[in-house]
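Okay, thanks everyone. I'll take a few minutes on charged pairs first, and then on one bit of sheet. Here's the structure.

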Amino acid sequence: MAVKSQSRASELPTLERKEILDDFRVAVLSRHASLMGRKEVFMGKAKFGIFGDGKELAQIAMAKAFKKGDFRAGYYRDQTFMMALGELTVQQYFAQLYAHTNVEADPASAGRLMNGHFATRTIHEDGTWKELTSLNNSAADISPTAAQMPKLLGLAYASKLFRENKGLKNLTQFSVNGNEVAWGTIGNASTSEGMFFESINAAGVLQVPMVISVWDDGYGISVPQEYHTTKGSISEILMGFQRTESEKGFEILRVKGWDYEALLQAFAYAGNVARNEHVPVLIHVDEMTQPQGHSTSGSHERYKSAERLQWEKDWDCIAKFREYIISNGIANADQLDEIESEAKTEVKRQKEAAWNDFSKEIKEELEQAIQLIRSAAEKSNRKVVLLQIADDLKKTINPIRKDVISTVRKVLLLLRAEPESVKGELKAWYESQSKNNFDRYSSHLYTETVFSSLKMKEVPAQIDEKSPMVDGREVLQAFFDYTLEHDSRFFAFGEDVGKIGDVNQAFAGLQAKHGEWRVTDTGIRECTIIGQGIGAALRGLRPMAEIQYLDYLLYGLQMLSDDLASLHYRTKGGQKAPLIVRTRGHRLEGVWHAGSPMGMILSSLRGMMVCVPRDMTQAAGMYNTLLKSDDPAIVIECLNGYRLKERLPHNMGEYTVALGKPEILQQGQDVTIVTYGSMCRIVMEAAAELAEIGISVEVIDVQTLLPFDTYGIIGKSIQKTNRVIFADEDVPGGATAFMLQQVMDHQDIFRHLDSEPQTLAAKAHRPAYSSDGDYFSKPSADDVVEKVYQMMHESNPKKFPSL
Ligand SMILES: Cc1ncc(C[n+]2csc(CCOP(=O)(O)OP(=O)(O)O)c2C)c(N)n1
Ligand SMILES: [Mg+2]
């Protein structure tokens, strides 16, 4: 190892006897939580369990090096770390295992996530930030292996910004001079993921205070190390990243998961290097075990040899810790047995408290339902059946909410023909439970506080004949310049964003004016560009992450979908990361440069705002709305719009665009065409042609796809025209299908339609190259004209003979 053990030995704090025994206590407490947790699943009290047994000691060492203001981004094995920090009680641990839906019971996820997903709450109920520097912070975990890595990079990058960007010095709620370390954990097998390597490389380039620990137990479920890692050792293959006297890089340490003193040394040293020098550190913690196998889904006896299983018993970190304590005369076996027996009793007590709390709520609901069904039975002519149903419900063992609600719904169906006097009370109860259950299972997809982007005040752009005509990109440039000047938390970064001010020059000159920490180039690494943004946004900053072309969003889409879009929901409002993703798409030319995969985005990014401005004036207004609010968003600018002329509003930086509010671009009588983005110009062109042949088209730009027309503007238009076409450049069944569904489901249009509602999309394939490729792949003005004409022909063939 490049780091001499001597230099690390000096990091070893003097350990008091009490502290060592406290560590032992936490280790055995956590272990018994794992052992009892597994039993709960097998008894049918929880669905699934995954536990941190075998990884306890290293996590205790990590907790000692962790300081207030630091952040963790890790995975499902980290219960001991959270317990050692005092951020997770055994009762909370079990509440999550049972899926208790109260935030107080399970502050990490309010029962929305499987066990082993850890998080602290970084915002107050009113949406304002807590004082993060005085808290132990854990970003909210997600299940996909290695997906904690990109945001870990961002959490660490924020410290870099807080230290280097002088404009952030007053934000003491979030950072003290960038002294905060981002601590990551990952399993050995998960280091095979691309995003692990991408994050490691980016952290080395950026020199951020990130300590990433690999918990190496030699397996990824059933698959042993040789299938995962070249040479079987992640620290060995990463040695090229090791910093030297002359070159920046990583500090790489290797330590055994059962070696208490070495672990304390390694973590203390890593913490100091990262915190003081802003150097990333990788700690490869080897020789860890899984006493109970991977999870409750199977048993490791199926795939581990007898020798391996025996080795795991002999080298169990708690067994080794015991030996260490006894051989150093810190305590004797009896004393350790006593600590362990106390811990076991304590786990049992807290587990039972969690179960009672969890089941009490449901039992109360069950009792209420039974009472109401019985009382309905007394008045109903289905008395016998209903009493039987109530009795059956009463007999349910370990009832869950579904048992209660499903029974009530079936009863209401049985009572369909009976009067309100019979079923009214039960119905009212069901409705009030539906509200509670919406709150339990479906709230907080979006911001619900005053920081909701839907609650921002709409300030119209001031445009008149005196407004200068400029290139679209200059409108954006004026907005970004204004915002960089007025909001020190705002920064933009991505490929080519810095020096040249992005490939379309909306940031041209702004790095020179506002500095490299505000307008910044990155490597070509979309996945970690997104992660960098998520992590920084989790720490109180206002990042704008740029994806150079919409087609390359796929590299970052997984982070957006699994992490960012679900963040607020999966913490039930406990965390926010108001990241804005800026990108450009739709019309240009080429299979990978002209995509408009809006259906893909809409399906995967619920929880984010999806903005599709038709020009840069609208885009700047949307950015302004988003920067004043908290919902994460993606804004897709029109690739072909940067050189088109627009009028520069007088009130740049002040005007906003309301989200969810379509704009009627042209009034008409015969057909409504609903579209967005670059298609707006094409539809307007077609509308002009159609006017010449006596067809009057109403053109609506939806402006945002999520949220979608919360004002009911499209429905009103259809009431007038009685015909509608949804048009865009996505594949058939993509965003046009989404728009149609939204209007059908929410705007009561069916009875107003005189013609079948229609969609006009691109061909199912990617757009072929060149202008001809575009013409034959995507909807043209000719296609729009013909589609509308055909609709009119069908309704009045005399007036509009077939073409
Ligand atoms: C992207 C992704 N692929 C597969 C899985 C299923 N899965 C969950 S844990 C796991 C093994 C992880 O092994 P390792 O990283 O060594 O962690 P360990 O459980 O051994 O601590 C797999 C394959 C997943 N969660 N995410
Ligand atoms: Mg493993």
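So, Arg 349 and Glu 346: their side chains form a salt bridge, with N to O at 2.8 Å. Both residues sit in helix 12, 3 residues apart, so about one turn of the helix. How exposed are they? Arg 349 comes out partly exposed, at 48% relative accessibility, and Glu 346 is partly exposed too, at 27%. While we're on shared charges, there's also a network: Asp 502, Glu 546, Arg 582, Arg 584 and Glu 637 are joined into one by salt bridges that share partners.

I should say that this is a predicted model, so please read the distances as computed from that.

Back to helix 12 for another pair. Glu 340 makes a salt bridge with Arg 322, at 3.8 Å, N to O. This one links distant parts of the chain: Glu 340 belongs to helix 12, residues 333-379, and Arg 322 to helix 11, residues 317-327, with the two positions 18 residues apart in numbering. Glu 340 is partly exposed, with a relative accessible area of 23%.

Now a pair in another setting. Lys 304 and Glu 312 meet in a salt bridge at 3.0 Å, N to O. Buried or exposed, this Lys 304? Buried: its relative accessible area is 5%, and the cut-off for buried is under 20%. Glu 312 falls under that cut-off as well, at 4%, so it counts as buried. And the overall tally, if you're wondering, is 53 salt bridges.

Okay, the sheet. Look at strand 21, residues 724-727. In a regular strand, side chains alternate between the two faces of the sheet. Here Val 724 and Phe 726 are on one side, Ile 725 and Ala 727 on the other, and all of them are buried, so both faces of the strand are covered.

What does strand 21 pair with? On one hand there's strand 18, residues 671-675, parallel, over 3 bridges; Thr 672 has Val 724 as its bridge partner there. Then there's strand 22, residues 758-760, also parallel and over 3 bridges, where Ile 725 is partnered by Gln 758.

And how do we get from strand 21 to strand 22? Through helix 24, residues 735-746: strand, helix and strand together make a right-handed β-α-β unit.

That's what I had. Happy to pull up any of these pairs on screen.

Terms used. Residues are numbered from 1 along each chain as its sequence is written. Chains are lettered from A and ligands numbered from 1 in the order in which they are written. This is a predicted model: local features need pLDDT of at least 70, side-chain atom pairs count only at pLDDT 80 or more; totals for chains, interfaces and linings use all residues. Side-chain values use heavy atoms; hydrogens and water are left out. A salt bridge is a side-chain nitrogen of Lys or Arg within 4 Å of a carboxyl oxygen of Asp or Glu. Buried means under 20% relative accessible area, exposed over 50%, partly exposed in between (1.4 Å probe, protein chains only). Helices (H or I, at least four residues) and strands (E, at least two) are DSSP runs, numbered from the N terminus. Two strands pair if DSSP finds at least two bridges between them. A crossover is right-handed if, with the strands pointing away from the viewer, the path from the first strand over the helix to the second runs clockwise.
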